Amino acid sequence: MKNFLFLFFFFCASLQAEIPKTIKWAADTESGAPFAMVNPNNPSELIGFEAEIMNAIAFELGTGLEFVQNAWDGLIPGLLTNNYDVAINGIEITPDRQAEVNFTRPYYITSEQLVTRKDQYDIENLSDCKKRKVGTLKFSLAHRMLEAEPEIEILTYESEVAAYSDLKNGRSDAVFLDAPIAVYYAKPDPALKLVGPPIGQMLYGIAIKKENKELFEKVDLALKKISQNGKLREILERWNLWNPMMASYLVDESPSRTPPTEYQRFLQEHSHAVTWDMKLRQYSSFIPALLNGALMTLKVSIIGMVLAVALGFLLALMKLYGRKPVQWLATLYIEVIRGTPLLIQLFFIFYGLPHLGLKFSPFVAAVIGLGLNYAAYEAENYRAGILSVPRAQMEAALALGMSKRQALRYVIVPQAFKIALPPMTNDFISLLKDSSMVSVITMVELTKVYGQLASTYYDYFGTGVLVAGIYLLLGLPFIRLARYYERKLNVELKQKKIVA
Amino acid sequence: MAEVIVRVEDVYKSFAHQKILDGISFDFEVGGFYSIIGKSGCGKSTLLRCLNGLETLDEGKIVVDGVILEKHGDHREEQKQLLKKCHEVRSHVGMVFQSFQLFPHMTLLENVKKPQMIVRGVSDEEATARAEEFLTKVGLKMHMDKHPYQLSGGQQQRGAIARALAIRPKVMLYDEPTSALDPQLIDEVHAVMKDLDNEGMTQIVVTHEMRFAKEAADTVIFMEHGKIVEAAAPHEIFSNPKEELTKQFLRKFL
């Protein structure tokens, strides 16, 4: 076994020594502008200054690029489990992150920016925020800086759009986030204003796994190259991100050469007076992406349910007919699974198990996560079903000379299954909805598509209604099915009663 | 003297420290029609269930057509042995329950033919033919495609008898077969049992139907407190009981 492990590691190490033909890079497109996001006019294309930097680096290295969608707070764990080679998404270089992964030289330097409502005049800097609510992004550097300040009530968000809309809605008093975010999401908004001087200094670096030295050096070198030949500056200027900190870092104080075309395009797209016609056209352009997401949701749910049904059945039999240790094992499984959140289970399977050498693709991990989780609930359904078959049915089968196994298979289980069908169908509908959680392990299903579209278009309401409608449509056939079975069962029960 | 097919030897059985069978011995002969009567809780149903291994024995033994059922330890091997023997006994013994226990998810025909296929490995055609034969015998052929819930209680019980007969038992056990039936449906079940008696089937019936016990049985067994008090031909038991307990019991019933 030891030898095998050694060979295995050796094999992995030798794989990593070479530069892959295609670099897999990860970001969270839900982070939105200006980092990496879906092109509103062409949802299959990625735009953003980080996407452009990756393109420039790949160009320098002569390699291809493959994008991997990953939730922002899972970007570094995903690197460690080899789901992709590099992560770039406004990840600030901090000592504790450096303990886990290597960072290239910074590709961008920026600061934090405080934003308030236009009609708010008493907040100018962080010290004015005492005893007030300040929004920021979960796990960001800004978050940690806020924590260092005394007496600030911190609200954390998954997306900057949500943070700023809560500010506008009066749920918070200020938002403290990286300057580029403020420039893109707060500055164009007539209800918000940027206040106070830039605070602190953050360096964004490209994160690469420590063991991946060769790739790290190559990427760092490529980054150095595009810093020196003006490509990096050009990209940053087009996105309106060039700032004095970058100028001094790259020792390039010359006047601006490139107009901020991308920024203007972004502003234009978001300042349009919205007509119904445009909205409709926009929504109809969502359809392909939403259908893909719905298909993935359905696929994950159905395969997950098949797994849940099979495993749940086994667990029910173990619990009812197994020997004592087997019964305990089944009970333990059911209690542990039902007593812990699905979210934690998904994280554990996707990010935790690779440490034990068990690595799954996001799809497989999602199916396993949902399947294992729902198996616990299905097991209880079947157990209840089996227990509700009169004991005398078992005796009748035994008296006819069947073995216990035959009696179960031909007499008890078919009846139990019929009883368990309505709750099973209901569980499937819950599973369909719970499948939205697999977006945390980089699966792009319906809910993830919702997040992407809503953050890109700044439209949580309309897109939300659309997505809710799709979930309803997906669940509808199964709701019907459940009702049909329930009615059928009731009729049979009633007839039985009349006879008895 | 006819051949003994079921021999009960000094059988004891308790549930939760309560003696249910308290030293029972009896020989059942081939072709006999036995009625076991007695108050509720006298142990008559338990005795019947012991005969095909649905209950285990605390002491004593039961020999069914040469197969011996007796007390077995908890050890895995012993349990396995016991299961094997029970299985063997059940292939000679058919049982009919008070509440019929037809399988509700199967049609009547399937109820009769599936067990043959599952237990005996009989082919579908053969099992179907045999099932139809026995359903005809109990007068239910025209109902064979119905599900149990579509049948009356009497029909269900006759179906259950056909199902038990189809595995070709040498002995038929009935546990209060007509207690769950309306009076007008009781006779049709009794008629089937009388037919079987005429064909020479060995039958043991636990019943509360004194009239039926009187007119149909060869031997009536009266039990009380887990013991056989008296066993004799019906005319003797009913007109000239020897034991005081029997007299008391019959006074209440007749």
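Two strands count as paired if DSSP finds at least two bridges between them. Keep that in mind for the first stop. The model on screen is predicted.

**Stop 1: the sheet in chain A**

Select β6 (101-103) of chain A together with β12 (residues 207-209) of chain A. The two strands run antiparallel and are joined by 3 bridges. To see one of these partnerships, pick A:F103, whose bridge partner in β12(A) is A:A207.

Now add the other strands. The sheet is open, has 5 strands with mixed pairing, and follows the order β4-β1-β5-β12-β6 in chain A. Its edges are β4 (64-69) and β6 of chain A, each of which pairs on one side only. Strands of a sheet pair through backbone hydrogen bonds, either parallel or antiparallel.

Next, show helix α2 of chain A, residues 49-61. This helix lies across β1 (22-27) and β4 of chain A, and its direction makes about 150° with β4(A).

**Stop 2: a helix pair in chain A**

Select α14 (residues 342-352) and α15 (residues 362-388) of chain A. Their axes are 9 Å apart, and the helices pack at an angle of about 140°. That angle makes α14(A) oblique to α15(A). The crossing is right-handed.

Display side chains for the residues in contact:

- from α14(A): A:L342, A:Q345, A:L346, A:I349 and A:F350
- from α15(A): A:P362, A:A365, A:I368, A:G369 and A:N373

By class, this contact has 7 nonpolar and 3 polar residues, with no charged ones.

**Stop 3: where chain B touches chain A**

Show both chains. The contact takes 20 residues from chain B and 20 residues from chain A. On the chain B side, the elements that give two or more residues are α2 (76-90) and α3 (108-120) of chain B. The largest share, 4 residues, comes from α3(B). Coloured by class, the chain B side has 10 nonpolar, 8 polar and 2 charged residues.

**Stop 4: a helix pair in chain B**

Stay on α3(B) and add helix α4 of chain B, residues 124-137. What angle do α3(B) and α4(B) make where they pack? The angle is about 130°, with the axes 8 Å apart. The two helices are therefore oblique to each other, and their crossing is right-handed.

Display the residues in contact here as well:

- from α3(B): B:L108, B:L109, B:V112, B:K113, B:Q116 and B:M117
- from α4(B): B:D124, B:A127, B:T128, B:R130, B:A131, B:F134 and B:L135

By class, the contact of α3(B) with α4(B) has 8 nonpolar, 2 polar and 3 charged residues.

Notes. Residues numbered from 1 in each chain as written. Chains lettered and ligands numbered in written order. Predicted model: local features only at pLDDT ≥ 70, side-chain atom pairs only at ≥ 80, totals over all residues. Contact = placed C-beta atoms within 7 Å. Axes fitted to C-alpha atoms, helices over the stretch in contact; angles between N-to-C directions. Nonpolar A, V, L, I, M, F, W, Y, C, P; charged D, E, K, R; others polar. Parallel < 35°, antiparallel > 145°, perpendicular 65-115°, else oblique. Left-handed = near helix turned anticlockwise from the far one by under 90°.
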